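Here is a quick walk through this model, written for someone who would rather be at the bench. Have the sequence and the 3D view open as you read.

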Amino acid sequence: MERNIAQIALFAAMIAALGLVPQITLGFGVPITAQTLGVMLAGAVLGARRGAAAAGLFLLLVALGLPLLAGGRGGLGVFVSPTAGFALGFPVAAFATGLFVEHVRLRSAGLAAGLGAVFGGILVLYVLGAAGLAVVSGKGLAEAFGLVAVFIPGDLLKAAITGMLVQALARVRPQTLAWHRAAADGAQTRL
Amino acid sequence: MISLTSPVETRAHRWPAGLKLGALCLASTGLFLVPGLAVHAGALAAVLALYAAPGPVFLRAGLGSLRVVLPFVVILLAWHALTGDMRQGLLITLRMVTLVALANLVTMTTPLEDLVALIRRLTAPLRRMGLPTGALEIAVPLVIRFTPVLVLRAETLAEAWRARSRRRPGWRLILPLTLQALDDADHVGEALRARGGALGPSGSE
């Protein structure tokens with residue numbers, strides 16, 4: 001119980017830190033912050049419920065007025081901005097990522113996490129983000145999607161990094177990945 | 001990054017947190033609804049005046065915590081200068097700085113326990129429905145405390161990287177950062193448990 005709360009809080013802090021540290025920005029000319037990488041990691045490491053709780057806790061602090069979103073944004077203005085759909089989609093994205101890794105049993109934890117991040121952190125998040133942009137800008141959903149789609153390559157890179165990080169975590173600290181442990185145990189009992 | 005509550009005691013420190021957050025919410029929303037460039041310049045000037053009012057120490061701390069948005073100001077302005085939409089760029093930049101400054105101002109003048117007390121009041125209806133909200137009151141200060149810790153640690157890791165390599169550190173720092181965060185979570189979990197559990201004696205599972 002206490003450990004769950006601490007892990008949720010620490011991953012919420014990770015989501016914040018990954019958006020704030022300039023050294024971690026992924027370069028392609030335009031800096032891509034690693035904030036959504038934090039959301040993907042929260043879902044992929046903690047699983048659906050705790051991952052969503054971490055992202056939700058992060059949003060609560062943003063709403064309280066702390067400038068924790070990438071670029072030092074924060075406060076309730078975030079929730080009326082054109083990117084509101086993305087911000088509000090963070091807990092849903094973490095939940096979807098966690099749901100994927102918990103239910104799609106793959107031998108490789110890294111592959112499961114990478115595909116889960118594509119599903120939750122890209123597919124689900126972009127649908128919500130485009131919907132938010134469409135609502136705020138008064139444009140169509142397709143137009144809004146076209147506008148945000150330029151960021152998909154960067155997010156594919158983040159999903160790949162999520163996969164690599166979780167693969168490394170499964171090797172050096174397997175006990176932290178509850179869903180992977182369950183999958184590994186299941187595989188052993190089947191053998 | 002986040003300047004926690006300023007040690008310079010201002011009158012605003014004693015105002016109710018709910019009032020300040022409500023005002024912040026109204027001001028942030030208002031800034032998004034108003035398109036005028038002059039209004040945004042005026043708003044920023046007004047916020048800076050608020051920063052200057054409690055004295056030079058407060059102003060320096062406030063401006064220091066605003067430095068994190070400086071790169072984004074440059075990027076946004078350059079971007080809009082390139083696309084030829086300078087007015088929009090100025091507007092977005094002014095608004096961004098004003099919003100962060102306002103949010104920082106509330107943070108600087110609101111003791112953490114006030115914010116936690118406010119959350120406790122706001123979640124009272126949930127508690128009456130039987131949901132354990134004590135976890136939230138533990139988790140919020142933990143995030144506020146650990147975000148600067150993780151940022152500092154990432155910077156330390158980046159320095160260690162630069163001492164050994166000429167390449168940019170980038171995402172390779174995230175694995176050690178995650179491992180350290182997981183260790184922190186274990187320690188904090190044990191500490192919470194040792195202090196009577198996160199939910200207190202009545203709500204422990």
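## Two domains in chain B

How many Å separate the centres of domain 1 of chain B and domain 2 of chain B? Taken over C-alpha atoms, the answer is 28 Å. Keep in mind that this is a predicted model. Domain 1 covers 11-111 of chain B, and domain 2 covers 124-203.

## Chain A in brief

Chain A is easy to sum up: 8 helices and 0 strands. Reading from the N terminus, that gives α-α-α-α-α-α-α-α.

Of its 191 residues, 60% count as buried. Now take the contacts in chain A between residues at least 6 apart in sequence: 67% of them join residues at least 24 apart.

## A core with residues from both chains

The largest nonpolar core has 114 residues. Those with the most contacts inside it are A:Ala9, A:Ala12, A:Ile15, A:Ala54 and A:Phe58, plus B:Ala139 and B:Val143 from chain B. Helix H1 of chain A, residues 2-20, gives the most to this core, with 14 residues. Chain B's domain 1 (11-111) and domain 2 (124-203) each supply at least three residues to it.

For a close-up, click on A:Ala9. Leaving aside neighbours within four places in sequence, A:Ala9 touches A:Leu57 in its own chain. From chain B, its contacts are B:Ala139, B:Leu142, B:Val143 and B:Phe146.

## The two sides of H2 in chain B

Helix H2 of chain B runs over residues 37-52, 16 residues in total. From its first C-alpha to its last it reaches 23 Å, close to the 22 Å expected at 1.5 Å a residue.

Which residues of H2(B) are buried? They are B:His40, B:Ala43, B:Val47 and B:Tyr51. These four sit on the same side of H2(B), because they cover an arc of only 85° around the axis. Turn to the other side of H2(B) and you find B:Ala38, B:Ala45 and B:Ala49, which are exposed.

## A loop arginine

B:Arg172 belongs to the loop between helix H8 (134-164) and helix H9 (174-194) of chain B. Is B:Arg172 buried or exposed? Something in between: B:Arg172 counts as partly exposed because it has 18 other C-beta atoms within 10 Å, while buried takes 20 or more and exposed 12 or fewer.

B:Arg172 can also be set against B:Leu105. The two are 67 residues apart in sequence, and 35 Å apart in space from C-alpha to C-alpha.

Methods: Residues numbered from 1 in each chain as written. Chains lettered and ligands numbered in written order. Predicted model: local features only at pLDDT ≥ 70, side-chain atom pairs only at ≥ 80, totals over all residues. Domains from an automatic or database assignment. Expected span 1.5 Å × (residues − 1). Arc of directions from axis to C-beta. Contact = placed C-beta atoms within 7 Å. Core = buried A, V, L, I, M, F, W, Y, C linked by C-beta atoms within 7 Å.
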